[in-house]
Every structure is written in C-alpha cells, then in structure tokens.
Amino acid sequence: MTTPIVSFQHVSKKFQDKLVLNDITFTIEEGEFISILGKSGCGKSTLLNLIGGFEEPSSGKALLHNQPIRTGRNCIMLFQEYGLLPWRSVIKNVELGLESLQLSQEEKRERSNFYVQLVGLEENKYQFPHQLSGGMKQRVAIARALVMQPEILLMDEPFAALDTFNRYYLQDELLRIQEREKTTIVLVTHDIDEAIYLSDRIFIMNSGPGHLQRELDITLAKPRDRSSSDFQYFRKTIFEHFHFDHPEQPIEYNI
Ligand SMILES: Nc1ncnc2c1ncn2[C@@H]1O[C@H](COP(=O)(O)OP(=O)(O)OP(=O)(O)O)[C@@H](O)[C@H]1O
C-alpha cells in the first residue's frame, strides 16, 4: 500500500457554534478518483474546501503528504460556474494561472497550447467565452486548472449546468485526461450515475451533522457500461441507501 496523498483523521468543522462536519476519517491514494455524494447541506463543499486548504479543521488532522494542508498550487478547485474572464481569449484564459510562475513567455504559451489541445479546443483557442457553448467553457476551465499541473483537482458539481450529452462527453474526456495526467480527482456531485461512471470510490455522506456514512468501492473496469447489470447493482445500492426507491413517509394517525 502506498502512502496516501490525503489523510483526514477525526476531522470536525464548526462555523461559529454550528457543527457542520463531525469526526471525518478517510485516506485518498495518489491517482484515485473519488466522488462525494450526499443530500444538499450535508457538508460536501465544506469537505472539499478542507481538502483544498481553503478552510481549516476545527479539530482533527487534515494532511496532504503527511503535512497539514495549506492552500497552494497542489490543489485546484473547479466550479459549476466556469469563472472565465470574458475579455480574454480561450488561450489567454488558460494562460492566466501561469502568469504568477517563473516561466518564459514561450514556455507559458507552449504549456497552454498543450492543454487547450488536450481538451479538444485547438480550433477555438482565439475565440472568446461568449462565442463558446457551456460544455466548451467548462473545457476551458478544465484546461486552465490542468495547466497548473495540480496534484489534486477538486470539482464542485462541474457538469451540473450541462445537458446530458455534453455531460457524458465531458465525463469521458475527464477519464481520458486523468488516465494521461494521473491527477488525483475529488468530485462533489448530486448525480449518482456520474459518481458510479467516474469513481474508484464513492464517499456517501449523511447530515445532522455531516459525516461519512459509507465508502463504496466501484470495482468495475473503466470505461464503464451504464446499462450493464454490474452498474445497475451499484445504482441500486446507492438508491437504497438514500431510500429513493422506498420513501419512508411518516404516518399520522388521528384517533
Ligand atoms: N462559511 C460558512 N459559514 C457558516 N455556515 C456555513 C459556511 N459554509 C457552509 N456553511 C453551512 O454548512 C452546512 C454545509 O454546507 P455545504 O455547502 O458544505 O453543504 P453541501 O452538502 O455542499 O450543500 P449543497 O449540496 O446544497 O451544495 C450548511 O448548513 C451551510 O449553511
């Protein structure tokens, strides 16, 4: 077993007096694809922020390579809103993060070109965000994150605003890119199929306060067939966990 890249040991998080995450313990191995599933408000984004070092634990240890997590280029967060600068072309948006690095102009352009090509936007590199579809904008955002060569890519519902076809297409792109770049990815999603399709492991969270209820190993080989019985098995397992197929409704008796 290799040393985990991320290790959380009994991490809790409070905002003011409100306990939002309680006693979270897990490890993430290098190159793993982890998805976090859970109902709205159970603390998924807060957990992602702790992994990225954008928040600090109130108690417990949050470690990256065995050291307390700090913000930096190790982790990059990608959101549903693409966060592109409208006055900059695709290539200039991708170059953005490199501006603070000690690289020659040539190196910056070369690296940006590589990632623009990797996400399939070679022909659009001089276009501006308003000329792109939602899927293309998200690909620019992915290229802009990858150009920094982060160790961990944190994604907070990155495909939620896209239509089904674009979402499927980008999910495949992401798998292809991850296989090439070996980036560790942690994804927050509400989409159960997306989590099963992409992940090596799924963390299932429950609320009151937020905690890790279960870890699910998705042992199927990638790329996965969404219609296979194995895939359906994992769907059913998760659906049952959230009681989607047998809603528990309180019954009131008036006597
Ligand atoms: N900076 C903050 N200050 C105070 N409370 C916060 C802060 N950030 C999050 N919270 C609270 O923590 C809880 C968990 O929020 P979080 O955004 O992590 O949940 P989530 O599972 O990602 O929700 P959603 O799926 O709706 O995005 C919520 O009750 C939220 O109001």
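# Close-up views of a predicted model

**View 1. Strand 1 and strand 4 run side by side in opposite directions.** Strand 4 covers residues 59–64, and its antiparallel pairing with strand 1 is made of five bridges. To find your place in this pair, look for Gln9, which sits opposite Lys61 of strand 4. Keep in mind that what you are looking at is a predicted model. A little background helps here: the strands of a sheet are paired by backbone hydrogen bonds, in either a parallel or an antiparallel way.

**View 2. Strand 1 also pairs with strand 2, and a hairpin links the two.** Strand 1 takes in residues 6–15 and strand 2 residues 18–28; they are antiparallel and share seven bridges. Just two residues lie between the strands of this hairpin. Phe15 faces Lys18, which belongs to strand 2. Which residue of the hairpin has a positive phi? That's Gln16, with a phi near 50°.

**View 3. Gln16 and His10 are two residues with an unusual sign to look for: a positive phi without being glycine.** Gln16 is not a glycine, yet its phi is positive, at about 50°. You'll find Gln16 in the loop between strand 1 and strand 2. Is Gln16 buried or exposed? Gln16 counts as exposed, because it has 5 C-beta neighbours inside 10 Å, and a residue with 12 or fewer is called exposed. Now slide over to His10, another residue other than glycine with a positive phi, this one near 50°. His10 is part of strand 1. With 12 C-beta neighbours inside 10 Å, His10 is classed as exposed too.

**View 4. Ten residues' worth of surroundings, seen around the ligand.** The residues around the ligand are Phe15, Val20, Gly38, Ser40, Gly41, Cys42, Gly43, Lys44, Ser45 and Thr46. Which helix gives the most to this shell? It's helix 1, residues 44–51, with three residues. Sorted by class, the shell holds six polar residues, three nonpolar ones and one charged one.

**View 5. Six strands line up in an open sheet.** Going across the sheet, the strand order is 6-7-8-3-9-10, and the pairing is mixed. Why do strand 6 (75–79) and strand 10 (211–217) each have a side without a neighbour in the sheet? They stand at the edges and have a single partner strand each, so one side of each is left free of a neighbouring strand. Ignoring direction, neighbouring strands in this sheet are turned by 20° against each other on average.

**View 6. Strand 6 and its partner, strand 7, point the same way.** Strand 7 is made of residues 152–156, and its parallel pairing with strand 6 runs over five bridges. If you want one bridge to pick out, try Met77, whose partner in strand 7 is Leu154.

**View 7. Two cis peptide bonds sit in front of prolines.** One of them joins Gly208 and Pro209, with omega at about -15°. Pro209 belongs to the loop between strand 9 (201–206) and strand 10. Another cis peptide bond links Lys222 to Pro223, and here omega is about -5°. For Pro223, look in the loop between strand 10 and helix 7.

**View 8. Helix 7 passes a quick length check.** Helix 7 has 13 residues, 229–241, and at 1.5 Å a residue it should span 18 Å. How far apart are the end C-alpha atoms of helix 7? They are 18 Å apart, which agrees with the expected span. After helix 7 comes His243, with a positive phi near 60°.

**View 9. Glu181 and Gln149 are brought together in space.** Glu181 is in helix 5, which covers residues 164–181. Along the chain, Glu181 and Gln149 are 32 residues apart, while their C-alpha atoms are separated by 8.4 Å. Glu181 has 16 C-beta neighbours inside 10 Å, so it counts as partly exposed.

**View 10. Zooming out to the whole protein chain.** How many helices and strands are there? The protein chain has seven helices and ten strands. The C-alpha trace spans about 75 × 40 × 40 Å along its principal axes. A compact globule of 255 residues would have a radius of gyration near 18 Å, and the 20 Å of this protein chain agrees with that. Of the 255 residues, 34% are buried.

Conventions
Residues are numbered from 1 along each chain as its sequence is written. This is a predicted model: local features need pLDDT of at least 70, side-chain atom pairs count only at pLDDT 80 or more; totals for chains, interfaces and linings use all residues. Helices (H or I, at least four residues) and strands (E, at least two) are DSSP runs, numbered from the N terminus. The expected span of a helix is 1.5 Å times one less than its number of residues. A residue is near a molecule or strand if its C-beta atom, placed from the backbone, lies within 6 Å of it. Ala, Val, Leu, Ile, Met, Phe, Trp, Tyr, Cys and Pro count as nonpolar, Asp, Glu, Lys and Arg as charged, and the others, Gly among them, as polar. Two strands pair if DSSP finds at least two bridges between them. Axes are lines fitted to C-alpha atoms, for helices over the stretch in contact, and angles run from 0 to 180 degrees between N-to-C directions. A residue is buried if 20 or more other C-beta atoms lie within 10 Å of its own, exposed if 12 or fewer, and partly exposed in between; C-beta atoms are placed from the backbone. The radius of gyration is taken over C-alpha atoms; the globule rule is 2.2 Å times the number of residues to the power 0.38.
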